[in-house]
Amino acid sequence: MMSTKAFILVSAVERELLTGDRERISIECVECCGKNLYVGTTDGSIYHFLLEEKALPAGTATFTATKQLHRHLGFKKPVNELRAASALHRLLVLCDSSITLVNMLNLEPVPSGARIKGAVALALNENPVSRDPFCVEVCIISVKRRTIQVFLVYEDRVQIIREVSTPEQPLAVAVDGHFLCLALTTQYIILNYNTGIAQDLFPYCSEEKRPIVKRIGKQEFLLAGPGGLGMFATVAGISQRAPVHWSENVTGAAVCFPYVIALDDEFITVHSMLDQQLKQTLPFKEGHILQDFEGRVIVATSKAVYILVPLPLEKQIQDLLASHRVEEALVLAKGARRNIPKEKFQVMYRRVLQQAGFIQFAQLQFLEAKELFRSGQLDVRELISLYPFLLPTSSSFTRSHPPLHEYADLNQLTQGDQEKMAKCKRFLMSYLNEVRSTEVANGYKEDIDTALLKLYAEADHDSLLDLLVTENSCLLTDSAAWLEKHKKYFALGLLYHYNNQDAAAVQLWVNIVNGDIHDSTRSDLYEYVIDFLTYSSDQELVWKYADWALQKSEEVGVQVFTKRHLEEEQNSFNPDDILTCLKKYPDALVKYLEHLVMDRKLQREEYHTHLAVLYLDKVLQQRPSADSMGTEVTEAQAKLRHLLQKSDVYRVRFLMEKVQGASLPMERAILHGKLEEHEKALRILVHELRDIPAAEDYCLWRSEGRDPAYRQQLFHTLLTLYLSPSSSAPELAVAAVDLLNHHAAEFDAAQVLPLLPGSWSVQLLCPFLTGAMRDSVHTRRTAQVALGLAKSENLIYKYDKMRLKGSSFRLSDKNLCQTCQNPFCEPVFVRYPNGGLVHTHCAASRHMDPSSPRPGART
Amino acid sequence: MRKPDGKIVLLGDMNVGKTSLLQRYMERRFADTVSTVGGAFYLKQWRSYNISIWDTAGREQFHGLGSMYCRGAAAVILTYDVNHPQSLVELEDRFLGLTDTANTDCLFAIVGNKLDLSEEGASESLEKEGHSSGSVGDGCVSPKVPKQVKPEEAMALYKKILKYKMLDEKDVPAAEQMCFETSAKTGHNVDLLFESLFDMVVPMILRQRAQGPPQTVDISCYKPPSRTKSGCCA
Ligand SMILES: Nc1nc2c(ncn2[C@@H]2O[C@H](COP(=O)(O)OP(=O)(O)OP(=O)(O)O)[C@@H](O)[C@H]2O)c(=O)[nH]1
Ligand SMILES: [Mg+2]
């Protein structure tokens, strides 16, 4: 274990000032109270010195002692113990088994001569039970066997308040509140002198070694245990800290938080109470006394007095950090909590955490580093600033002073090791990514996001794009320059877009597509740009790149017009402008017109006619040699037919003219149909095309949504065509038969029969005739049923009428009108079916349903 | 320093592997240890509770400290070495008496360590390190030997302890639950041991909290200071 420098040893009272060369006389005890230092000697003298402390820049101090007074007590006995009671201006002097009170300044005994007799040892209660500030509680080991006495000591009197006997002879005592901590002959115990309850701590052997009992703080004691242990025990009899490990022959112990100091014949050792480890060893020969007085630690040989001056905690922590002893530094820093005001502590502790974080970081212990940075609330920019060029040039950041670490930058830290460098960068990436959305980032979002962007760009990391397409605070100028440097043009475009510079973004992407600059981030960049323009509401931008887009691909390019959001499209783009633009791009033009006609269902004649003409052109163009009057229909033709059939707004006659010359009978038929020239249409279908199914479909198509009579008419026309003598083709006769048999319902049999050639057998038309017969019979029967029902209904009414007329009743003055409650004066009345009688005028004035009169309901 | 909510104490003869067990659990490693001087402790956060775990010294010299360490303990782990029957005997002879200061409802676990060195235990881990860290008891290259202490013996001790404490078997966890065989070297059963104990200790902490501050000073338990405990100066 490396050692810490926690204390330095400085001289306070030199040999010359005290005993000089009188060999026989030596120091017996020491007391220090503020600037007053008292020394008791073996020859019964008390010396009083004034200590002057002179601070040194390193945070330590030197002391000079000037002798104030020397008084001989008058016995040839050693002064065993000295204790100052500063509130009383008294010094308690144990000499010759008796404690006398002397004035702190002139060392004269109090006039009353008050004293405690028969004391072997004494302890002052630093946690007194009494609230009286002008008395101190003193506890003594009495010369009486196995007896402890407790006294209250006032300015010039003493008062015994308790005497307790102990199971064994006590050898050492310390006190806290009501609790005595005692070293007996074979064990240490805690004894509550108020209740008498004792608690064993642990055994030890007084014959082998002198016990140590030392109060180290509220309700806690330090004891010399077996095997050179410094044991901690509370008044409850338990240990809350692990023991420290001293040498076997320790003779004295003191505490100066967070350290336990021990003295043996050769060394002063310093252990930390926080981790129980040995921190410092100072050679010190013939040490004899070690005691702490209100935080000041004094050691003495038999001839001279020294002071152990603690180095400031912060200095110690910094020393530990400087030697990369992170764990210990943190323990020490945390332990300082109770010694430093809260605010100051927090600042200090946070700083230590941060420094520790950097030490771990430099050792590439990233997990630990991260945790330390987090708990130390590190300004992330401290970390970013280690990486050259990551902070934006505009950042106002300057590193904290004094610096948190010793590194100028990452190059120095990694000493140029590329692998380490890459690891550090990866760490920063993940760290920044983690903190950017937390409160750690507050105030420096720009710095963080810009740094992250730079790292991603440099590392060719996928997250670069994610960063740019989501909410971010990347600074434009800095980021742009960096992306350009790393040839991340696509990303740069995203950055421009995020900063509302779509024109710049698109220009950049267009350049990539055109191959002017190189960036292979996206292989489908052209489609991406089209998509971008499609969703862009910037008309000017769309127009600017429309030609470029269409030149690349008419089909895809036109999407910037056809795939727009409908509402936006309706508001901003004028179809006529677009059509003008598309003149040069026939395929695109068709697509756009289709979009207008089919998707948006615009009913403007121009669009429909234009589209039909374009289809027609295409159809014509695709059929250079008319000889291949193929039966299969081309796609263009199908589209044309579909449009001609479905649309109602194109200029039929105009198209008819165009179609006339060309051999497009089907289209002609459709156009005739649009003009309601059914016979012409059907004639074409039947005679020119001989397309029987088409003819039948035509009838269905044209009669769609019309009344049955219209449909019958159409079918009838078709039948007539089939049967017309002009075309005696046998297949038409077959068609006629099929038509009748399959569409029996579409014909009025009465009209059909006269048309049929007499030679046709009934067998041939059996389905039609059966259908027609059944239909006719059905109609008749339905009519009969309806008639029957009507008749019976009539009968029911007749019966009702007869029933009402059939009975008689008497009307007298006793009968009252149910409505007005007056008698009837004339033989005129109204009688409801339920028998109620009312005046005619009353019945008229009551607009009531006569079938349910509710006489009297109005009362 | 945060006050722990509950205390667990490891007791057992020297060299049985108390420190190694604790080190395996807390630091997830098995490394050389030196014979413990005095005692040491760890704080373990378990759920929202702080549990302190005390590692004591098995050396005779520090025997006297045991009672103080056990004072107020919620659980005691009595550790022996499955290859040294004497270490089990010592638990009853020397260590059980130290637990008188523990809480009245203190739990006892009996743990046979170094299972990896015995034949049956050897199957637990295939990794075979050349030599065990040579310390006093088993300082040489350790050939696998038949296990010397059977789990039943540990369970018998557990029942004896209940008798000694005048506890009814029905009121305390069953022997099967409280007797473990572990290896600090391979980690076998180590987490199970500590974590089952933590889970049992937590309700005790809660119970204690519900009863207000732990019996500050229980006058009825007052024992006049006496010389009962082992004389002195071993
Ligand atoms: N093979 C093996 N060796 C072990 C195991 N546990 C401990 N040891 C070894 O046994 C020796 C003693 O272990 P410690 O953990 O120091 O024993 P201890 O009980 O703490 O001893 P004291 O502190 O003296 O009471 C060391 O050399 C360990 O490496 C184990 O499970 N298997
Ligand atoms: Mg140990």
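**A magnesium site and some aromatic pairs**

Hi everyone, let's start at the magnesium ion (ligand 2), whose protein donors are OG1 of T19(B) and OG1 of T36(B), lying 1.9 Å from it. Donors here are N, O and S atoms within 2.8 Å of the metal (3.2 Å for Na, K and Ca), and water is not among the atoms, so sites may look incomplete. The two threonines are 17 residues apart, T19(B) in helix α1 (residues 18-27) and T36(B) in the loop between α1 and β2 (39-46) of chain B. Helices (H or I, at least four residues) and strands (E, at least two) are DSSP runs, numbered from the N terminus. T36(B) is buried at 13% relative accessibility; buried means under 20% relative accessible area, exposed over 50%, partly exposed in between (1.4 Å probe, protein chains only).

A word on the source: this is a predicted model, where local features need pLDDT (the predictor's confidence in each residue, from 0 to 100) of at least 70, side-chain atom pairs count only at pLDDT 80 or more, and totals for chains, interfaces and linings use all residues. Residues are numbered from 1 along each chain as its sequence is written, chains are lettered from A and ligands numbered from 1 in the order in which they are written, and side-chain values use heavy atoms, leaving out hydrogens and water.

Now the aromatics: there are 32 pairs over all chains, counting Phe, Tyr and Trp rings (the six-membered one for Trp) with centres within 6.5 Å; planes under 30 degrees apart are stacked, over 60 edge-to-face, the rest tilted. F7(A) and Y259(A) are edge-to-face, because their centres are 5.7 Å apart and their planes at 70 degrees. F7(A) is buried at 1%, and Y259(A) is buried at 2%.
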